[in-house]
Amino acid sequence: MSYLAIKAWHLIWMVCWFAGLFYLPRLYVYHAMLPPEDGAGHERFVLMERKLFWGITTPAAVLTIGFGLWLLAAGGWALYSKMGWLHLKLALVALLVVYHVWCYRYLRAFRELTNTRTHRWFRWFNEAPVIALIAVVLLASLKPW
């Protein structure tokens, strides 16, 4: 597969991963707003959150990282030691993986009825991947150093 084809697949899966990282915490906002006695609503959100996390977000994350590693290998590992922008981008990707795992912890907390966070907290939590996306795209596009 050509370098540009690998890059295209990396970007496609990155978009899918971010779609999940944007939507899952938004589901948490609405889930946190449910009254405790709404068992049917709770079950509906648990199902939606699980399907989004395991059916779209996690596979997209794995494929994004896999194609990203393939890009690194295809471009020659030695060249990347001189690209400071890439080191910062990779650090941000590592933080996104931590955020992804954090989302999983909330998925479990909602399922087990142990969530203690409010919908307002999840509204702020939902903004982190937006900031990361802006930074990653600017770094990858502008390659500032």
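This is a short dialogue on reading the cores, one helix pair and two backbone angles in a predicted model.

Me: Where should I start, and which residues have the most contacts inside the largest nonpolar core?

Reply: Start with a general idea: in soluble globular proteins, nonpolar side chains tend to be buried together. Here the largest nonpolar core has 22 residues, and those with the most contacts inside it are Trp17, Leu24, Tyr28, Leu96, Cys103, Phe122 and Phe125.

Me: Which elements give two or more residues to this core?

Reply: They are helix H1 (3-32), helix H2 (39-75), helix H3 (84-111) and helix H4 (119-125). H1 gives the most, with eight residues.

Me: With what is Cys103 in contact, leaving aside its neighbours within four places in sequence?

Reply: Cys103 is in contact with Leu24, Pro25, Tyr28 and Phe125.

Me: What does the second, separate core include?

Reply: That core has seven residues, among them Leu72, Trp85, Leu86 and Leu139.

Me: Now a helix pair. At what angle do H1 and helix H5 pack?

Reply: The angle between H1 and H5 (residues 128-142) is about 155°, and their axes are 9 Å apart. Angles over 145 degrees count as roughly antiparallel, so H1 is roughly antiparallel to H5. The crossing of these two helices is left-handed.

Me: Which residues make the contact between H1 and H5?

Reply: From H1 come Met14, Phe18, Leu21 and Phe22, and from H5 come Pro129, Val130 and Leu133. Sorted by class, the contact of H1 with H5 has seven nonpolar residues, no polar ones and no charged ones.

Me: Next, the backbone. What is phi of Leu113, and where is this residue?

Reply: When reading phi, look at its sign and at whether the residue is glycine. Leu113 has a phi near 60°, a positive value in a residue other than glycine. Leu113 sits in the loop between H3 and H4.

Me: Why does Leu113 count as exposed?

Reply: The cut-off for exposed is over 50% relative accessible area. Leu113 counts as exposed because its relative accessibility is 64%.

Me: What is phi of Lys143, and where is that residue?

Reply: Lys143 is not a glycine, yet its phi is positive, at about 45°. Lys143 lies in the segment after H5.

Me: Why does Lys143 count as partly exposed?

Reply: Buried means under 20% and exposed over 50%, with partly exposed in between. The relative accessibility of Lys143 is 42%, so Lys143 counts as partly exposed.

Methods:
Residues numbered from 1 in each chain as written. Predicted model: local features only at pLDDT ≥ 70, side-chain atom pairs only at ≥ 80, totals over all residues. Heavy atoms only, no water. Core = buried A, V, L, I, M, F, W, Y, C linked by side-chain atoms within 4.5 Å. Buried < 20%, exposed > 50% of the residue type's maximum accessible area, 1.4 Å probe, protein only. Helix = DSSP H or I, 4+ residues; strand = E, 2+ residues; numbered from the N terminus. Contact = heavy atoms within 4.5 Å. Axes fitted to C-alpha atoms, helices over the stretch in contact; angles between N-to-C directions. Parallel < 35°, antiparallel > 145°, perpendicular 65-115°, else oblique. Left-handed = near helix turned anticlockwise from the far one by under 90°. Nonpolar A, V, L, I, M, F, W, Y, C, P; charged D, E, K, R; others polar.
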